[in-house]
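Me: I am new to this structure and would like a close look at one part of it. Could you take me through how the helices pack against each other, and then show me how that part fits with the rest of the chain?

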Amino acid sequence: MQIAFTLVVFPCLLLAYMGQAAYLMKYPDSANRIFYDSVPDSLFWPVFVLAALAAMIASQAMISATFSCIKQAMALGCFPRLKIIHTSRKRMGQIYIPVINWFLMIMCVVVVSIFQSTTDIANAYGIAEVGVMLVSSTLVTIVMLLIWQTNLLLVLCFPLVFGSVELLYMSAVLSKIAEGGWLPLAFASVFLCVMYIWNYGSVLKYRSEVREKISMDFLLDLGSTLGTVRVPGIGLLYNELVQGIPSIFGQFLLSLPAIHSTIVFVCIKYVPVPMVRLEERFLFRRVGPKDYHMFRCVTRYGYKDVRKEDHHVFEQLLVASLEKFLRKEAQDLALERNLLESDLDSVSVASRDPEASGSYGTEELKIPLMHERRFDESGTSASEETTSALPSSVMALDEDPSLEYELSALREAIDSGFTYLLAHGDVRAKKKSFFLKKLVINYFYAFLRRNCRAGAANMSVPHMNILQVGMTYMV
């Protein structure tokens, strides 16, 4: 693009503008139709067709630039979520946004029907073009100063040279505001308000989630039953927090008389790569002690991955990755325990009691995942009964019995089914807030949230498997 603009586009534009200026000097009355009047009669129709094709190319460039700007604003959390379609597996920036495409088409029809004159449209285009030039010069100056770390004198010379010329152009086009130049200013003001309101409300909501997230001490006080009955099954709770336990989980504990035996906090993230391999899609981490059955899962999707995949496929992949995580965790713990024992042996062999050490290791292997240190009348531990009750096909001689018990409990939860725990959050301003904040949060931001694209849990899940709990965030 740089070579084409420097060697082809710029010389042609320079010659065209110089020729139009020379024609105006000889025929000053042709200012309204200078482009077509300066063309010889024999070349009028070829130039007309070429100009129409150039206008189509320019419109496509403007549409693509709009898609790119909207996508970057969404990535920064400054614009409501919209559906983005990536049309290429190789080029990340080749995207299509249906809502913006329809919006541009409708606005083009409205603008043409209102103005009904190319003069007013040209005035609007002139202000928009000069505004883009000023913004570009400002951003380049900031990049030169902060990123390139150019000499301060050169940094000051750049806006003085280019900015002075652009300000002259701006002073010339500002006189056309009443004659159509108000259009880009109005559009810019509307989009600025939408972006500011969305970013303002999203930041307040995220701060509220971080501030109100459940502490681990609170869960430890509840115990492994989490203050309620644990029933077989896997509950997938969707949230946006990568760390910590979301407050919506506490709302589920307060609203439900029973909670699933296995809880997975699912956080979906989109990464700037075409596709994420299946073995790298899920990242697991345990939340709390083993007998709590709680895990954190970060699910990563590329921009060409199918995000509305069948829920059975998603569940199978998630369970397979969870089993791999449990086995890897058990291997790491065993390796760490062996290293620790070898270090103790090297320090002092005589100080260790072989019988006590052996009994400790045997007892640790016999403790299952969901153990309760209660003994029946015969004096047999319930954990030992559970461990001995495991089928021989599940128990392996070279593996930790607690791991096998955890895997068997996971398989039992899988057989009971999956439940998708979703939060229907409502963001409201506090009663003591100012009137303007209440207006922005309770009405404008709420309107944007109701009409934007659904969040992370937008998957093809049957309604019978979905459980929603409402929650109000006071910001």
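Reply: Happy to help; what follows starts with the helix packing and then moves outward to the cores, a strand and some loops. Please keep in mind that this is a predicted model.

First, a little orientation. The chain contains 14 helices and eight strands. Of its 475 residues, 32% are buried. If you take the contacts between residues at least 6 apart in sequence, 74% of them join residues at least 24 apart.

Now to the helices. A good place to begin is α4, which covers residues 98-115, and its meeting with α3, which covers residues 44-75. The axes of α3 and α4 come within 10 Å of each other and cross at roughly 135°. Because of that angle, α3 counts as oblique to α4. The crossing of this pair is right-handed. On the α3 side, I63, T66, F67 and I70 make the contact, and on the α4 side the partners are I100, N101 and L104. Sorted by class, the contact of α3 with α4 has five nonpolar residues, two polar ones and no charged ones.

Helix α4 also packs against α7, which runs over residues 182-212. Here the angle is about 145°, and the axes are 13 Å apart. The crossing of α4 and α7 is right-handed. From α4 come F103, M107, V111 and F115, while α7 brings W182, L183, F187 and F191. This contact of α4 with α7 has eight nonpolar residues, with no polar and no charged ones.

Next comes α5, which spans 118-146. The axes of α5 and α7 are 7 Å apart, and the two helices pack at an angle of about 55°. That angle is why α5 is described as oblique to α7. In α5, the residues A124, I127 and A128 meet L183, P184 and L185 of α7. The contact of α5 with α7 is made up of six nonpolar residues, with no polar and no charged ones. If you look back at α7, you will find L183 in its contact with α4 and again in its contact with α5.

Let's follow α7 onward into the interior. The largest nonpolar core has 31 residues, and those touching the most other members are L219, L226, I245, F249, F265 and M294. Helix α7 is among the elements that give this core two or more residues, along with α9 (247-255), β4 (258-270), β7 (418-428), α14 (435-451) and β8 (466-474). In soluble globular proteins, nonpolar side chains tend to be buried together.

M294 is a good residue to zoom in on. Leaving out residues up to four places away in sequence, M294 touches L219, L226, I245, F249, I263, F265, R286 and V287. Apart from the largest core lies another one, of 25 residues, including V264, F295, V319 and A330.

From there you can step to T299, which sits in strand β6. T299 counts as buried because its relative accessibility is 0%, and buried means under 20%. Setting aside neighbours within four places in sequence, T299 is in contact with V266, C267, I268, K269, R281, F282 and F314.

Finally, a few loops are worth a visit. H293 is in the loop between β5 (282-286) and β6 (294-301). H293 has a positive phi of about 60°, although it is not a glycine. With a relative accessibility of 4%, H293 is buried.

Q149 also has a positive phi without being a glycine, at about 55°. You will find Q149 in the loop between α5 and α6, the latter covering 152-173. With a relative accessible area of 64%, Q149 is exposed.

The loop between β4 and β5 holds V273. V273 counts as partly exposed, with 34% relative accessibility. The C-alpha atoms of V273 and K90 are separated by 9.4 Å, although the two residues are 183 apart along the chain.

To retrace the route on your screen, begin where α3 crosses α4, go on to where α4 packs with α7, and then turn to α5 and α7. From α7 you can continue into the largest nonpolar core.

How values were computed: Residues are numbered from 1 along each chain as its sequence is written. This is a predicted model: local features need pLDDT of at least 70, side-chain atom pairs count only at pLDDT 80 or more; totals for chains, interfaces and linings use all residues. Side-chain values use heavy atoms; hydrogens and water are left out. Axes are lines fitted to C-alpha atoms, for helices over the stretch in contact, and angles run from 0 to 180 degrees between N-to-C directions. Helices (H or I, at least four residues) and strands (E, at least two) are DSSP runs, numbered from the N terminus. A crossing is left-handed if the near helix is turned anticlockwise from the far one by less than a right angle, and right-handed if clockwise. Contact means heavy atoms within 4.5 Å. Ala, Val, Leu, Ile, Met, Phe, Trp, Tyr, Cys and Pro count as nonpolar, Asp, Glu, Lys and Arg as charged, and the others, Gly among them, as polar. Buried means under 20% relative accessible area, exposed over 50%, partly exposed in between (1.4 Å probe, protein chains only). Angles under 35 degrees count as roughly parallel, over 145 as roughly antiparallel, 65 to 115 as roughly perpendicular and the rest as oblique. A nonpolar core is a set of buried Ala, Val, Leu, Ile, Met, Phe, Trp, Tyr and Cys residues joined through side-chain atoms within 4.5 Å.
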